[in-house]
Amino acid sequence: MASSADNDNNTLGDEPMVFIIIGKAYEREGDEGIDIHVMLRAPDDDSAVREALNALSEEGFLEADLDQIGTLNGLPEDEPHASAYKGALEGEVAIIRFA
């Protein structure tokens, strides 16, 4: 049995984790891009990145630079992250745009 120190994909059990991915997404070629946070449930970080990129593509983004990924251990206090977290728990992929 692997210990958590041996686990490269951040899986700590069978329960999917809520990830937050921070980056910049581009709707048109040559644009400066939009700062984004993506929140979703996934079993591991690789799956989270794949699902985030798919959701961004479905929203019309041509490209994305994903800079940071982490897990959330509880409900954020501030909006829009609190609502996005609740949506992620229900299986949604929440994309927060900072224009």
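Is D65 buried, partly exposed or exposed? Select D65 in this predicted model: its relative accessible area is 35%, so D65 is partly exposed.

**Stop 1: D65 and the negative patch**

With D65 still selected, display the strand that carries it, β3, which covers residues 63–71. Then add E29, E63 and D67 to the selection; together with D65, these residues form a negative surface patch.

**Stop 2: Y26, beside D65**

Next, select Y26, which belongs to strand β1. Its relative accessible area is 16%, and Y26 is therefore buried, the limit for that class being under 20%. Along the chain, Y26 and D65 are 39 residues apart, yet a distance of 8.6 Å separates their C-alpha atoms. Show the residues that Y26 touches, leaving aside those up to four places away in sequence: D31, E32, G33, F61, L62, E63, A64 and D65. Two members of the negative patch, E63 and D65, are thus included in the contacts of Y26.

**Stop 3: the salt bridges**

The structure contains three salt bridges, and each can be displayed in turn.

- Begin with D35 and K24, whose closest N and O atoms are 3.1 Å apart. This pair links distant parts of the chain: D35 is in strand β2 (residues 34–42) and K24 is in strand β1 (residues 17–26), with their positions eleven residues apart in sequence. D35 has a relative accessible area of 38% and is partly exposed; K24, at 25% relative accessibility, also counts as partly exposed.
- Move to E27 and R97, which form a salt bridge with closest N and O atoms 3.3 Å apart. Here too, distant parts of the chain are linked, as E27 is in the loop between β1 and β2 while R97 is in strand β4 (residues 94–98), 70 residues apart. E27 is partly exposed, at a relative accessible area of 27%, and R97 is likewise partly exposed, at 39%.
- Finish with R28 and D31, where the closest N and O atoms of the salt bridge lie 3.7 Å apart. R28 has a relative accessible area of 53%, so R28 is exposed, whereas D31, at 29%, counts as partly exposed. D31 has appeared before, among the residues touched by Y26.

**Stop 4: the cis peptide bond at P80**

Which form does the peptide bond from E79 to P80 take, cis or trans? Select both residues and inspect the bond between them: the bond is cis, with omega near 5°. Most peptide bonds, by contrast, are trans. P80 itself is found in the loop between β3 and α2, the latter covering residues 81–89.

**Stop 5: helix α2 and what follows**

Continue from P80 into α2 and colour its buried residues, which are H81, A82, A84, Y85, G87 and A88. An α-helix has 3.6 residues a turn, so residues three or four places apart point the same way. Which elements are included in the cover over the buried residues of α2? Display β1, β2 and β4, as these strands are part of that cover. Several earlier stops return in this view: β1 holds Y26, and the salt bridge partners D35 and K24 are in β2 and β1, while R97 is in β4.

End the tour at G91, which follows α2 and has a positive phi, near 100°. Most residues other than glycine have a negative phi.

Technical notes
Residues numbered from 1 in each chain as written. Predicted model: local features only at pLDDT ≥ 70, side-chain atom pairs only at ≥ 80, totals over all residues. Heavy atoms only, no water. Patch = residues over 30% accessible without salt bridge, like charges linked within 9 Å, V, L, I, M, F, W, Y side chains within 5 Å. Areas by Shrake-Rupley, 256 points an atom, 1.4 Å probe, with all protein chains shown as cover. Salt bridge = Lys/Arg side-chain N within 4 Å of Asp/Glu carboxyl O. Lys, Arg positive; Asp, Glu negative; His and termini not counted. Charge placed at Lys NZ, Arg CZ, Asp CG, Glu CD. Helix = DSSP H or I, 4+ residues; strand = E, 2+ residues; numbered from the N terminus. Buried < 20%, exposed > 50% of the residue type's maximum accessible area, 1.4 Å probe, protein only. Contact = heavy atoms within 4.5 Å.
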